[in-house]
Amino acid sequence: MERTERLLDLVALLLDAREPISWAELREHFPADYGGISDDAAERKFERDKAELLELGIPLTYVQGDDDRRDGYLVDRSAYYLPEVDLTKEELAVLYAAGSASLASGAFPGSDDLAHALRKIGFFAGDALPTPRVRMELGSAQSDPGLSSRLEHLWEACAAHKWVQISYASPKQPAVTERKVDPYGLALRRGVWTLVGYCHLRQGLRTFHVHRIRELKVNTSKPRTPDFEVPAEFSLEAHVAYFPWEHRFHEPMEVTLSLRGDAAQRAATLFPKASVAPEGERVRARLEVTFLDGLLRFCLALGQDCRVEAPEAAVNRGREMARRIVERHAPVSDEKKVSG
């Protein structure tokens with residue numbers, strides 16, 4: 001029997017068992033694999049199979065028997081099966097639309113798995129989903145094939161914990177640098193894919209925009225052996241900003257905003273992490289900022305419905321930025337035209 005077939009049959013047998021299966025019973029079920037050879041050879045072969053199943057994430061355990069059950073091997077069903085996701089048809093439709101849009105980008109890691117998941121959603125949601133014609137249009141768009149390939153390789157490297165060698169064009173340096181990186185995770189923020197990982201050159205965690213990676217090679221040595229472990233305290237959200245003011249350019253500071261009109265009504269959406277408190281016709285929002293200019297540009301785009309109240313340094317900086325905008329767009333006087 002081929003090894004893959006044997007592993008599948010082994011998992012099926014253990015999942016179907018109502019009680020632990022002893023080593024002797026396993027040898028009886030697989031006479032062509034674990035029988036006809038010495039005990040030591042059979043045990044070594046089974047240990048290799050166990051190791052591969054554990055590496056694949058199969059929760060195979062050995063149970064020490066007691067008065068209620070005997071010794072043997074089993075697969076923990078509660079750990080093996082995912083809990084059922086109870087979504088309404090409307091929620092499935094939203095999930096399907098989001099997944100289809102991701103596929104339509106043409107550059108989304110794990111696209112084969114995503115397409116398979118969408119087919120399952122389509123089966124269960126039925127008429128609640130868009131028409132087949134719309135589905136084809138959502139999946140027809142293509143993007144940069146180079147970006148798509150890099151994302152797939154990085155996705156696989158993150159999952160397998162294999163280091164990558166990249167040629168990176170940093171916006172701060174004109175020359176391309178060679179980096180060895182332990183990839184911890186990928187994130188998509190406002191259309192930009194970002195890789196977060198440990199950079200061996202800089203000896204610390206760094207973020208890399210995937211579209212700036214010119215060349216990429218994944219370590220192919222010992223493909224089933226991880227090259228690194230992701231620290232337990234690592235959080236992708238802490239390193240990839242979703243809003244402009246979350247970029248970590250300075251120490252955190254609390255900024256207070258006063259919102260009115262449409263901005264006040266959308267305060268929770270505009271600033272989802274802020275502490276929001278209604279005060280009459282206005283709403284006061286307090287939020288932590290690590291890139292003040294990013295927040296101020298966002299506030300200026302909201303116009304008079306958003307005013308910076310504190311701290312004083314933020315108020316003054318906002319006024320300075322507004323003054324520069326006015327000066328840049330001020331009409332040129334006739335006297336200046338003549339002198340020019």
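This passage describes helices, a nonpolar core, a pair of cysteines and several backbone features of a predicted model.

Helix H4 comprises residues 39-55, and its 17 residues should span 24 Å at 1.5 Å a residue, a value with which the 24 Å between its end C-alpha atoms agrees. The buried residues of this helix are Ala42, Phe46, Asp49, Lys50, Glu52 and Leu53. Because these residues cover an arc of only 165° around the axis, they are placed on the same side of H4. Such an arrangement can be read against the geometry of the α-helix, in which there are 3.6 residues a turn, so that residues three or four places apart point the same way. On the face turned away from the buried side, H4 carries the exposed residues Asp40 and Arg44. The packing partners of the buried residues of H4 are helix H1 (3-16), helix H2 (23-29) and helix H3 (31-34), together with strand E1 (60-63) and strand E2 (72-75).

Glutamate 52 illustrates the buried side of H4 at the level of a single residue. Its relative accessibility is 14%, and glutamate 52 therefore counts as buried, the limit being under 20%. When residues up to four places away in sequence are not counted, glutamate 52 touches Arg3, Leu7 and Arg224. Beyond the end of the helix, H4 is followed by glycine 57, for which phi is positive and near 95°.

A comparable description applies to helix H6, which runs over residues 89-104 and has 16 residues. From its first C-alpha to its last, H6 reaches 22 Å, close to the 22 Å expected at 1.5 Å a residue. Buried positions in H6 are Leu92, Ala93, Tyr96, Gly99, Ser100, Ser102 and Ala104. H6 is followed by glycine 106, a residue whose phi is positive and near 80°. Aspartate 113, in turn, lies in helix H7 (residues 111-125), and with a relative accessible area of 59% this aspartate is exposed. Although aspartate 113 and leucine 87 are 26 residues apart along the chain, their C-alpha atoms are separated by 20 Å.

Residues 251-325 are listed by UniProt, in an unreviewed entry, as "domain: WCX". Over this range the chain is 44% helix and 33% strand, and the C-alpha atoms at the two ends are 26 Å apart. The largest nonpolar core has 24 residues, and those with the most contacts inside it are Leu257, Leu259, Phe271, Leu287 and Leu295. At least two residues of this core are supplied by each of strand E8 (253-259), helix H10 (261-265), helix H11 (267-270), strand E10 (282-289), helix H12 (292-301), strand E11 (306-310) and helix H13 (312-329). In soluble globular proteins, nonpolar side chains tend to be buried together. The surroundings of leucine 287, with residues up to four places away in sequence left out, consist of contacts to Trp245, Met253, Glu254, Val255, Leu257, Phe271, Ala274 and Leu295.

The structure holds zero disulfides. Cysteine 299 is in no disulfide, the nearest cysteine sulfur being that of cysteine 306, 3.5 Å away. Seen from the other partner, the sulfur of cysteine 306 has its closest cysteine sulfur in cysteine 299, and the separation of 3.5 Å is too far for a bond, since a disulfide requires sulfur atoms within 2.5 Å. Cysteine 299 is buried, with a relative accessible area of 4%, and cysteine 306, at 10% relative accessibility, likewise counts as buried.

Further backbone features concern a cis peptide bond and two residues with positive phi. The peptide bond from alanine 310 to proline 311 is cis, with omega near 0°, and proline 311 has its place in the loop between E11 and H13. Histidine 161, a residue other than glycine, has a positive phi near 60° and is found in the loop between helix H9 (145-160) and strand E3 (164-168). Glutamine 203 also has a positive phi, of about 60°, although it is not a glycine, and is located in the loop between strand E5 (192-199) and strand E6 (204-209). As to their accessibility, histidine 161 is buried, with a relative accessible area of 19%, whereas glutamine 203, at 55% relative accessibility, counts as exposed.

Note on methods:
Residues numbered from 1 in each chain as written. Predicted model: local features only at pLDDT ≥ 70, side-chain atom pairs only at ≥ 80, totals over all residues. Heavy atoms only, no water. UniProt positions renumbered as here; feature names shortened; annotations may be inferred. Helix = DSSP H or I, 4+ residues; strand = E, 2+ residues; numbered from the N terminus. Buried < 20%, exposed > 50% of the residue type's maximum accessible area, 1.4 Å probe, protein only. Contact = heavy atoms within 4.5 Å. Expected span 1.5 Å × (residues − 1). Arc of directions from axis to C-beta. Core = buried A, V, L, I, M, F, W, Y, C linked by side-chain atoms within 4.5 Å.
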